[in-house]
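Visitor: I'd like to learn how to read a few features off a model. Could you walk me through one?

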Amino acid sequence: MIISLIGYMGSGKSHISKILSDKIDFKLIDLDKEISRRNKLTIPEIFEKKGEIYFRKLEREALEEILASEENVILSLGGGTPVYYNNMEIINHNSRSIFLRTSVGTLVERLSKQKEKRPLIANISDEDLPEFIAKHLFERNQFYSKAQFSVGTDGREPEDIVKEIIEKLYL
């Protein structure tokens with residue numbers, strides 16, 4: 001079984017996927033880290049040197065390969081992954097998808113501390129960040145909402161979120 005975690009950047013996909021993978025003893029694959037490893041470049045470097053369209057092609061190729069595997073995998077996806085091509089359809093068809101739902105306020109609080117690691121928001125001022133996130137989230141929610149399961153993350157401990165995911169999947 002493959003369990004795909006989706007959600008906006010800063011929703012906790014990487015953190016939750018680590019805990020979940022340890023708890024149910026599934027292999028963990030972070031899609032962005034996998035793309036970095038394969039291309040020997042960081043995600044910001046790929047965006048800077050080759051552009052977003054090139055990155056999205058690499059992302060799609062890696063996604064298809066991972067989703068075709070027979071392994072038990074927790075797949076932590078990039079925030080934009082569900083938005084491109086028909087990615088959300090193949091994610092739902094080949095895995096159990098879980099949307100980590102996080103409010104704009106929580107996202108702003110988390111992301112304002114890590115802007116330099118996030119190419120999409122690196123050059124956005126702190127005062128413009130809430131509006132940018134709100135608009136971006138609004139655009140992406142139509143894709144995120146296609147996930148098979150949705151779990152709220154605001155004000156919750158990671159262990160509680162993982163417990164809810166396991167309950168929803170009947171693991």
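Visitor: Let's take helix 6 and helix 7: at what angle do their axes cross?

Guide: Two packed helices are described by the angle between their axes and the distance between the axes. In this predicted model, the axes of helix 6 (residues 104-111) and helix 7 (residues 129-144) cross at roughly 125° and come within 9 Å.

Visitor: And what do we call that arrangement of helix 6 and helix 7?

Guide: Angles of 65 to 115 degrees count as roughly perpendicular and those over 145 as roughly antiparallel, so helix 6 and helix 7 are oblique to each other. As for handedness, helix 6 passes helix 7 in a right-handed crossing.

Visitor: Which residues make the contact between helix 6 and helix 7?

Guide: On the helix 6 side you'll find V104, L107, V108 and L111. Helix 7 brings L129, P130, I133, A134 and L137.

Visitor: Now the annotations. Which residues does UniProt list under "binding site"?

Guide: The UniProt record, an unreviewed entry, gives G10, S11, G12, K13, S14, H15, R118 and R156. Annotations like these may be inferred rather than shown by experiment. The listed residues span 147 residues of sequence, and in space their C-alpha atoms are up to 23.5 Å apart.

Visitor: Where do they sit relative to the largest pocket?

Guide: G10, S11, G12, K13, S14, H15, R118 and R156 from that set belong to the lining of the largest pocket.

Visitor: Let's go through some of them. Is G10 buried or exposed?

Guide: Buried means under 20% relative accessible area; G10 has 12%, so G10 counts as buried. You'll find G10 in the loop between strand 1 (2-6) and helix 1 (13-24). Setting aside residues up to four places away in sequence, G10 touches L107, R110, L111 and R118. Two of those names should ring a bell: L107 and L111 are also among the helix 6 residues that contact helix 7.

Visitor: What about S14, where is that one placed?

Guide: S14 is in helix 1, and its relative accessible area of 32% makes S14 partly exposed. Leaving out neighbours within four places in sequence, S14 is in contact with D30 and S76.

Visitor: And R156, which residues does R156 touch?

Guide: With residues up to four places away in sequence not counted, R156 touches V151, I161 and E164. R156 lies in the loop between strand 5 (149-152) and helix 8 (158-169), and R156 is partly exposed at 29% relative accessible area.

Visitor: Staying with strand 5, what does G152 touch?

Guide: G152, which is in strand 5, touches R101 and I161, again not counting residues up to four places away in sequence. I161 also appears among the contacts of R156. At 17% relative accessibility, G152 counts as buried. There's a long-range pairing to look for as well: G152 and S11 are 141 residues apart along the chain, yet their C-alpha atoms are separated by 9.5 Å.

Visitor: One backbone question to finish. What is phi for D25?

Guide: Phi of D25 is near 60°, a positive value in a residue other than glycine. D25 is in the loop between helix 1 and strand 2 (27-30), and D25 counts as exposed at 69% relative accessibility.

Visitor: And where is K40 found?

Guide: K40 is in the loop between helix 2 (31-39) and helix 3 (43-50). K40 has a positive phi of about 55° although it is not a glycine, and K40 is exposed, with a relative accessible area of 72%.

Key
Residues are numbered from 1 along each chain as its sequence is written. This is a predicted model: local features need pLDDT of at least 70, side-chain atom pairs count only at pLDDT 80 or more; totals for chains, interfaces and linings use all residues. Side-chain values use heavy atoms; hydrogens and water are left out. On a 1 Å grid over the protein atoms alone, a cavity is a set of points where a 1.4 Å probe fits but cannot get out, and a pocket is an open set with protein on both sides within 12 Å along at least five of seven lines; lining residues have an atom within 4 Å of a point. Helices (H or I, at least four residues) and strands (E, at least two) are DSSP runs, numbered from the N terminus. Buried means under 20% relative accessible area, exposed over 50%, partly exposed in between (1.4 Å probe, protein chains only). Contact means heavy atoms within 4.5 Å. Axes are lines fitted to C-alpha atoms, for helices over the stretch in contact, and angles run from 0 to 180 degrees between N-to-C directions. Angles under 35 degrees count as roughly parallel, over 145 as roughly antiparallel, 65 to 115 as roughly perpendicular and the rest as oblique. A crossing is left-handed if the near helix is turned anticlockwise from the far one by less than a right angle, and right-handed if clockwise.
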